[in-house]
Amino acid sequence: MVEIKTIQKRTVKADDVYLCDESKMPGGKAEEVFFPKNIEELSSLAAHFYSLKKPYTVFGRGTGITGASVPLEGAVISLEKMNKINDLAHCKQTGKPFLKAESGVTLTEIKTSLERFFYPVDPTEMSASIGGTVVTNASGACSFKYGATRKWIKSLKIVLPDGSVERIERGKYFADNEGIIHFSGKKIKVPQYKMPECKNAAGLYSCPGMDLIDLFIGSEGILGIVGEVEIWLEKKFPAVSFIAFFEDEQKAVDFVGILRNSDPKPEFIEYVDRLGLKMLKEKSAQDPASLNIPPLPENSEGGIFFDTAYNEGNIIEVLEKTNEIMSQATGFTGSFCAWENIEKERIKFFRHALPETVNSFISEIKREYPDIHKLGTDIAVPHENFNEMNLFSKNTIGRSGLKFVSFGHIGDSHIHFNIIPQNYDELEEGKKIYGILAAKAVELGGTVSAEHGIGKLKRKYLEIMYGSKGIEEMRKVKKCLDPEFLLNRGNMFEPGERS
Ligand SMILES: Cc1cc2nc3c(=O)[nH]c(=O)nc-3n(C[C@H](O)[C@H](O)[C@H](O)COP(=O)(O)OP(=O)(O)OC[C@H]3O[C@@H](n4cnc5c(N)ncnc54)[C@H](O)[C@@H]3O)c2cc1C
């Protein structure tokens with residue numbers, strides 16, 4: 001045990017960075033922030049708060065957009081000083097490469113530490129901590145080919161709410177026939193609901209015979225603090241980048257059906273709708289210095305981005321096969337293709353320019369209406385229901401007259417509808433529509449959050465998904481490990497009855 005007074009800390013100020021995340025959720029409150037620099041200090045802090053029954057919130061890098069790391073009371077533990085990365089190692093049994101890192105290490109730091117290998121989980125925000133991405137089961141464009149964080153975790157070192165430290169290796173602890181996992185002297189009854197069969201980051205994980213490590217991945221930090229992570233890596237390879245344009249949005253969507261099953265499988269498949277292309281064209285015409293995009297083919301009303309990997313010897317074969325795939329599409333208006341880094345960066349910039357353009361519109365509106373924010377859906381559904389969800393979303397928002405744009409991870413049947421309210425009445429209308437879309441996603445077997453999680457801002461949507469019974473089952477798991485609900489109180493659900 002480390003003496004608490006030797007651990008670095010300071011008082012929290014009124015406008016402190018530790019009171020907010022990227023959601024800009026108001027109302028953050030805490031007394032002090034601690035900066036442990038290793039697992040021993042982290043575990044001592046947890047044990048200390050446990051003995052005092054003091055609530056506290058863990059802060060990774062604060063890039064979340066659901067208010068999950070926003071403290072409502074008590075203390076904050078920031079993990080930014082837990083930032084050591086070990087040397088690359090190889091699994092003794094399989095020879096597969098992996099990396100061990102403390103939980104405060106950022107994705108950028110992991111990326112730059114690797115030469116021949118890469119970590120395939122690619123959330124857009126690379127300043128996120130590896131621990132934060134584990135507990136949100138983060139994912140990105142490439143989860144189409146590689147899956148979300150869950151699949152890439154070899155082991156976790158967890159500090160439990162009572163301060164004890166446990167290493168959980170995948171394949172070590174499983175739920176029995178009754179759904180009970182025996183772990184650290186406790187009997188954890190895993191929730192019994194069925195999870196959606198699509199990319200998902202909402203609620204505690206559950207499946208028959210599940211591995212304990214999956215309960216902690218995606219738990220939004222309510223069951224324990226991730227202190228250290230071992231992640232699997234892949235060998236780096238070159239890729240060709242493509243954008244295909246279409247005369248209407250539905251033709252672009254239809255092309256994804258062909259592309260999804262193509263060989264070689266693309267690294268990712270991303271979508272931009274008619275309004276997205278229009279927005280980019282207008283922004284580029286107004287301000288070419290900040291958005292220098294290539295001229296788009298005439299009559300293009302939808303676009304699909306994808307990257308395809310190649311070996312040094314087979315780039316021609318990959319280009320020919322892609323040409324063949326594109327020839328099966330209808331309503332095709334043109335394409336861009338790039339394999340030199342500088343041109344690939346241009347395509348990537350074009351793809352990333354859309355969310356930034358939406359944010360710049362919101363900033364302009366905020367000058368007149370300071371509390372306005374965008375309403376971005378994070379819905380995914382099983383592939384067979386994507387068309388229905390997409391048309392429903394377009395028609396529902398379209399009928400309201402609200403301005404919106406849709407783009408994102410169509411390979412995973414997961415696109416973000418961004419509603420851009422122009423005043424407070426529209427903000428309220430947008431919130432109502434958000435709830436309608438969430439309910440429709442659940443009706444179609446999907447999720448209310450495919451990658452960002454629930455945090456404090458989306459709790460009511462979690463209840464739409466799992467019902468009050470499901471929430472109660474999650475609450476019991478929480479209570480088993482953290483009877484006083486001290487750790488990350490308020491994430492996913494209200495504490496409710498505690499003891
Ligand atoms: C511009 C932008 C783009 C984004 N794009 C994506 C995207 O493509 N895909 C995606 O999945 N997300 C995306 N996000 C959301 C965000 O980056 C992720 O949720 C990320 O995983 C959060 O990591 P963080 O370290 O910032 O965690 P924080 O925001 O600090 O915390 C998030 C939650 O994790 C908990 N936590 C953090 N570290 C630990 C730990 N070690 N142990 C226990 N609990 C912990 C916190 O208490 C909180 O509940 C985006 C965000 C922004 C701002």
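User: How many disulfides does the count come to in this predicted model?

Analyst: A disulfide requires a pair of cysteine sulfur atoms within 2.5 Å. Cys 337 is in no disulfide, since the nearest cysteine sulfur, that of Cys 142, is 17 Å away, and Cys 480 is likewise in no disulfide, with the sulfur of Cys 207 as the nearest, 18 Å away. In this predicted model, the count by this rule comes to zero disulfides.

User: Is Cys 480 buried, exposed or partly exposed?

Analyst: Buried would need a relative accessible area under 20%, and exposed one over 50%. Cys 480 has a relative accessible area of 24%, and therefore falls in between, as does Cys 337 at 36%. Cys 480 is thus classed as partly exposed.

User: Which backbone N or O atom lies 3.1 Å from an oxygen atom of the ligand, and what share of the ligand's exposed area does the protein bury?

Analyst: Backbone N or O atoms of Ala 68 and Gly 132 lie 3.3 Å and 3.4 Å from a ligand oxygen atom, respectively, while the 3.1 Å distance belongs to a backbone atom of Thr 124. Taken alone the ligand exposes 970 Å², and the share of this that the protein buries is 93%.

User: Which element gives the most residues to the shell around the ligand?

Analyst: The shell comprises 33 residues, and it draws at least three from each of domain 1 (4-78) and domain 2 (89-235). Strand E3 (56-59), helix H3 (130-135) and strand E12 (225-232) each give two or more residues. The element that gives the most, with four residues, is H3.

Terms used
Residues numbered from 1 in each chain as written. Predicted model: local features only at pLDDT ≥ 70, side-chain atom pairs only at ≥ 80, totals over all residues. Heavy atoms only, no water. Near = heavy atom within 4 Å. Polar contact = N/O pair within 3.5 Å; in protein donor to acceptor, adjacent residues only side chain to side chain. Areas by Shrake-Rupley, 256 points an atom, 1.4 Å probe, with all protein chains shown as cover. Domains from an automatic or database assignment. Buried < 20%, exposed > 50% of the residue type's maximum accessible area, 1.4 Å probe, protein only.
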